[in-house]
Amino acid sequence: MTRLTLDDLLDQLEQARQIAIADRKPTAMIQATATMAKLTGYDRPQLKDVNADDVQTLSDLMNELSNDEHLLPQRISHAKDEY
């Protein structure tokens, strides 16, 4: 028995999404899209202005933000715009 890969799962979800579109089932289409986003990590906010290699814990992130007087206001502004 062959193990499913991420590509296999995404292909199957895309097929399900296309069927949902054809059958005019928006809830099923949204579910397939949301599941694809979860599998690929697109459902999580992305930190773009912090070097990921330097941040291992939430404490490290807070230290990184507090050490740069411009970075924290930028993150707060970005969060307000996004959410």
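**A friendly note on the H1–H2 pair and its surroundings**

1. A good place to begin in this predicted model is the pair formed by helix H1 (residues 6–22) and helix H2 (residues 26–40), whose axes come within 8 Å and cross at roughly 160°. Angles over 145 degrees count as roughly antiparallel, so H1 is roughly antiparallel to H2. The crossing of these two helices is left-handed.

2. Which residues of H1 and H2 make the contact? From H1 come Leu6, Leu9, Leu10, Leu13, Glu14, Arg17, Ala20 and Ile21. H2 supplies Ala28, Met29, Ala32, Thr33, Thr35, Met36, Leu39 and Thr40. Sorted by class, the contact of H1 with H2 has 11 nonpolar, 3 polar and 2 charged residues.

3. Now for the chain as a whole. The protein chain has 4 helices and 0 strands, and from the N terminus on its elements run α-α-α-α. Buried residues make up 14% of the 83 residues in the chain. If you look at contacts with a separation of 6 or more, 27% of them are between residues 24 or more positions apart.

4. A word on confidence before you zoom in. The mean pLDDT of the protein chain is 79, and 61% of its residues reach 70 or more. Among the elements, H1 has the highest mean pLDDT (94), while helix H4 (residues 71–82) has the lowest (67). Where pLDDT is low, the predicted coordinates should not be read in detail.

5. Leu6 is a helpful residue to find on screen. This leucine is found in helix H1, and it is one of the residues that H1 brings to the contact with H2. Is Leu6 buried, exposed or partly exposed? Its relative accessibility is 42%, so Leu6 counts as partly exposed. Leu6 and Leu39 are 33 residues apart along the chain, yet their C-alpha atoms are separated by 7.7 Å.

6. Leu9 also lies in helix H1. With a relative accessible area of 29%, Leu9 is partly exposed. Once its neighbours within four places in sequence are left aside, Leu9 is in contact with Leu4 and Leu39. Leu39 is among the H2 residues in the helix pair's contact. The C-alpha atoms of Leu9 and Met36 are separated by 8.4 Å, with their positions 27 residues apart along the chain.

7. Ala20 is another H1 residue worth a look. Which side of the burial cut-off does Ala20 fall on, buried or exposed? Buried means under 20% relative accessible area, and Ala20 has 5% relative accessibility, so it counts as buried. Leaving aside neighbours within four places in sequence, Ala20 is in contact with Lys25, Ala28 and Met29. Ala28 and Met29 appear among the H2 residues of the contact with H1. The C-alpha atoms of Ala20 and Gln31, 11 residues apart along the chain, are separated by 9.7 Å.

8. Last, a look at the connection. Where does Arg24 lie? Arg24 is in the loop between H1 and H2. Arg24 has a positive phi of about 55° although it is not a glycine. Most residues other than glycine have a negative phi. Exposed means over 50% relative accessible area, and the value for Arg24 is 75%, so Arg24 is exposed.

Notes. Residues numbered from 1 in each chain as written. Predicted model: local features only at pLDDT ≥ 70, side-chain atom pairs only at ≥ 80, totals over all residues. Heavy atoms only, no water. Axes fitted to C-alpha atoms, helices over the stretch in contact; angles between N-to-C directions. Parallel < 35°, antiparallel > 145°, perpendicular 65-115°, else oblique. Left-handed = near helix turned anticlockwise from the far one by under 90°. Contact = heavy atoms within 4.5 Å. Nonpolar A, V, L, I, M, F, W, Y, C, P; charged D, E, K, R; others polar. pLDDT = per-residue confidence, 0-100. Buried < 20%, exposed > 50% of the residue type's maximum accessible area, 1.4 Å probe, protein only.
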